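Okay, thanks for making time, everyone. I'll put the structure up and walk you through the parts I'd like you to look at.

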Amino acid sequence: MGRPEPCVLFAQTFVHPHLDEYVDEVLFAEPVVITACEFLEQSAPSACQSVALVGATSPPSFAVEVFVQCEGETRFRRLCQPFLYSHSSSNVLEVEAVVTNHLVVRGSYRSLSLVVYGNTAEDLGQFNIEFDDSSLTNIVSSVEGNLEDLPLPLHSTNFTNDEFVCSLHALPQSVSVLDISVEVKQLLQLVLKILEVGEHGDAASKVVGAVLSAGSAYISHDLSSAIINQKTLSWGRSKDSRELQTAISESKRELLELYKVVQHESGDMLAESSIGSSLLENDDHQVTSKLLVDMFHRHFQFENDSRIVGHPSLSKSKNVILWLSVALLLCSSRESCFHFVNEGGMEQLTRVFCHQLQNSAATVLLLLGVMEQATRHSIGCEGLLGWWPREDENIPLGISEGYSQLLKLLLQKPRHDVASLASYVLRRLRTYEVASRYEYVVLSVLRGLSTDGIVTSTSMDLLASAKSQLKNLLKLVKSHGPIEDPSQVARACQSLILGQNEGSLSYKATSSLITWSSSFLFNWDVDSHLLTLLKERGFLPLSAALLSSSELRSEVGHTMYLYMDITFSIGAIIFSLLLSRS
């Protein structure tokens, strides 16, 4: 008997919050034989009329890989060769028949609509169709890739000693912390419990000191350095992580002792504390970062007229320091930073910024430290730019109050460490803004090409805008070096380095200058958190999709020159990134 017609085994859209590289998997309840995979473009129906799924794949072009795990094997194999998905090409991927119950798709996309066709192994058994094990292995092996090509979660867990041998040292990668640790949550709970007890001025002042000590651990302890870069702002290395953990544990211990003293002095007053305090009596693991953000938001309010609602026994400046220290802890992870921004934390931060520029440099540095922590995440950049909430790729119009305040701070010619950190945050914000505008323009171009199939005048304007954004991005990437210290001490040190007392052309001056320049070159880093933000905005996948467009490659005249300029700019940006140690 002949083989039965393929049926629909799976139809679903995988949706993710932003454009990035994802690994999505399909688990079948029983072994199936996959014969084809279909990818549905935006708003397009399936080739099979019985499939009700409407396509929502985005962006219009990206690289895709498909893997399967065959029965009895520990490793995944490629179902087909990697390919470039595009609206202009066929969306049905025919593959050699293979028996599996686990399919995995990897690609750089925001959403992916997938339909899998084939038959169940039971259906094929009814027709007395058998697969020879050796022929099946040969079919799959013909497109098998190396284990290193597979996503890390798909690697076999049965490692051998040889697989741990590596001749190269892995570069430390910036990994965004998903949520604040249990210990930080416990510390913040203790702060709330002590503040809710009542009028205890001395206790509240000690709380400020303990939280400030913990929050300051997140800021570089060397902000007075002439070079503020990723090396001085990061705490991702093991030594810095231990120092951070020690600082948090010490502050938590101090607050716990203080809470015991306050509890003893207050007696029955604790029973009359607010409802919020009773919520915190639950298990520490049940207290979410959202709950902590909500409760601190009720304690601290900053109005436009610079009126601050905080703890009554603390002065205005101490309330500001306490809130900034708490904000620094909350902005140290992605999830808590999201809740902080979503609750209006960045607007409050901007209001404090407007009225704290004349305060001590330490307060300004603490405020800038919160901004630096928040802008490590895309949600923090969106909040400080005044774009949140943002429901689509459209860039909101208007002036960013936070960005303007940073510029005003620089115009006041502050001391070097303040100016360096402010410039650092400004560069990150500006780069994120340019990358976001580039993302919107490229997505608009690709949508237009997939709809019209030709390059219209609107597409030309968008390409010109993409060219402009790329040139801005290239300037920003090249400017991510150290900021020169204009102080007299720094000039004196530089004059000693260059040996001006012996003449600028002397042997000593020349050799010193070469050594100094060489050291400067090899110590230059691109902000690794900025690289993460560029990845979230899909800079490389979108650039690859734009350059792989067959419509643009076939154009002539002005469109061709625009396309070539964009190609050279993308190459220059990648080359500039390769020149840095990052």
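So, which side chain does Glu433 meet in a salt bridge? It's Arg437, at 3.2 Å from N to O. By salt bridge I mean a side-chain nitrogen of Lys or Arg within 4 Å of a carboxyl oxygen of Asp or Glu. These two sit about one helical turn from each other, because they are four residues apart in helix α15 (residues 416-452). Helices here are DSSP runs of H or I with at least four residues, strands are runs of E with at least two, and both are numbered from the N terminus. Glu433 has 15% relative accessibility, so it counts as buried, while Arg437, at 27%, is partly exposed. The cut-offs are under 20% relative accessible area for buried, over 50% for exposed and partly exposed in between, with a 1.4 Å probe and protein chains only.

Quick housekeeping. This is a predicted model, where local features need pLDDT of at least 70, side-chain atom pairs count only at pLDDT 80 or more, and totals for chains, interfaces and linings use all residues. Residues are numbered from 1 along each chain as its sequence is written, and side-chain values use heavy atoms, with hydrogens and water left out.

Back to charges. The whole structure has 16 salt bridges. One of them joins Arg376 to Glu372 at 3.0 Å, N to O, and both of those residues are buried. Another joins Arg390 to Glu382, with the closest N and O atoms 2.5 Å apart; that pair is buried too. Then there's a salt-bridge network linking Glu21, Glu65, Arg78 and Arg106.

Now the aromatics. A search of the whole structure gives nine aromatic pairs. Rings of Phe, Tyr and Trp (its six-membered ring) pair if their centres lie within 6.5 Å; planes under 30 degrees apart are stacked, over 60 edge-to-face, and the rest tilted. Tyr22 and Tyr109 make a tilted pair, 6.1 Å centre to centre with 45 degrees between the planes. That pair links strand β1 (residues 7-40), which holds Tyr22, to strand β5 (residues 92-120), which holds Tyr109, across 87 residues. Both tyrosines are buried. Phe62 and Tyr85 are tilted as well, at 5.0 Å and 40 degrees, and both are buried. Add Phe39, and Tyr22, Phe62, Tyr85 and Tyr109 join it in one aromatic cluster.

On to the nonpolar cores, meaning sets of buried Ala, Val, Leu, Ile, Met, Phe, Trp, Tyr and Cys joined through side-chain atoms within 4.5 Å. The largest has 75 residues, and those with the most contacts inside it include Leu188, Leu368 and Met371. Helix α9 (residues 316-330) gives the most to this core, nine residues. Zoom in on Leu368: beyond four places in sequence, it touches Phe353, Leu406, Leu409, Val418, Leu421, Ala422 and Val425. A second, separate core has 31 residues, among them Leu449 and Phe539.

One polar residue to look at is Gln348, in helix α11 (residues 345-356). Gln348 is buried, with a relative accessible area of 3%. Leaving aside neighbours within four places in sequence, Gln348 is in contact (heavy atoms within 4.5 Å) with His297, Phe300, Gln301, Phe302 and Trp323.

Last stop: residues 560-579 are 100% helix, and their end C-alpha atoms lie 29 Å apart. Okay, over to you.
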